[in-house]
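Reader: Before any feature is interpreted, I should like to know how confidence is to be read. Please begin there.

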Amino acid sequence: MIAIIVRAIHHAWQVIRADPSGQLEEPAPGNPPEDVYTDAICNILQTMLLDGEEAVPGFTSDVFGTVCRAEHLVNYSGRNINKQPDLVIRLSAPPLIQVSRLVGIFVESKIVSKANPLSKYTDEGIHRFVRGDYAWAMRSGIMLAYQSDKPRVFSELEKCLSTTDHLGTRRSKSVKTGDSKAIPTMTQSSAVASVETPLTPLLTHCADPLMVSTIHDRNWTYAKGDAPGDIELWHVWNLVIP
């Protein structure tokens, strides 16, 4: 399911890059660039569900119900009812009505550039999943990196995760990747190696769709004392800003 959504996001980004002026609102004091990009993705994804053409196999209204942007939701403890994940993609057949707002694929996005510290991505992005602000009833989520024309390579985030304790990044035994230094471009994705190799202990790479996952411990408990388990975050690192 995550793979289908990421393919749909990649498709939406290609639509945006093909016609930026037609898809993006003008930046303004009320239109921060990050929100402009996310709003366009939301509009395109929702249109894809409504038009029934199945531009991305599997991303249909039979499976997915709605795409919502910046919806106010409660955190795990109930002490803050104003948490706003950038996107929430919900299933067309939700579970019991009492918990349906808590179930879905939660997406957070950040602009990643040499001018911005990576803490914008980690402490104001990843950490919101880890501390139970977003997706606290779920076991996975998505992070989007809107890359500037001077992008950061993924090895910079890898280094940050390996030296930062509060993000709870859990090490895995091996990964499937052809290059631990950077994520390849979309056109290079088919060239990613298909042989397991312990090049890095932190990441799991997926070539199609192009993304990388990290697993993080969540060290809080639900009201009844149950542990939430860890969360797997899938990073879409190659969304180059048009």
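Author: In this predicted model, pLDDT (the predictor's confidence in each residue, from 0 to 100) stays under 50 over residues 172–201. For that stretch the model has 53 contacts (heavy atoms within 4.5 Å) beyond four places in sequence. Where pLDDT is low, the predicted coordinates should not be read in detail.

Reader: What is the mean pLDDT of the protein?

Author: The mean is 85, and 84% of the residues reach 70 or more. Because this is a predicted model, local features need pLDDT of at least 70 and side-chain atom pairs count only at pLDDT 80 or more, while totals for chains, interfaces and linings use all residues. Residues are numbered from 1 along each chain as its sequence is written, and side-chain values use heavy atoms, leaving out hydrogens and water.

Reader: How should a pair of packed helices be described?

Author: Two packed helices are described by the angle between their axes and the distance between the axes. Here the axes (lines fitted to C-alpha atoms over the stretch in contact, with angles from 0 to 180 degrees between N-to-C directions) of helix H4 (residues 119–130) and helix H5 (residues 154–162) come within 11 Å and cross at roughly 70°. H4 is therefore roughly perpendicular to H5 (65 to 115 degrees). Helices are DSSP runs of H or I, at least four residues, and strands are runs of E, at least two, numbered from the N terminus.

Reader: Which residues make the contact?

Author: Tyr 121, Thr 122 and Ile 126 of H4 meet Leu 157, Cys 160 and Leu 161 of H5.

Reader: Where is Glu 54 placed?

Author: Glu 54 is in the loop between helix H3 (33–51) and strand E1 (64–69), and its phi is near 55°, a positive value in a residue other than glycine.

Definitions and conventions:
Angles under 35 degrees count as roughly parallel, over 145 as roughly antiparallel, 65 to 115 as roughly perpendicular and the rest as oblique.
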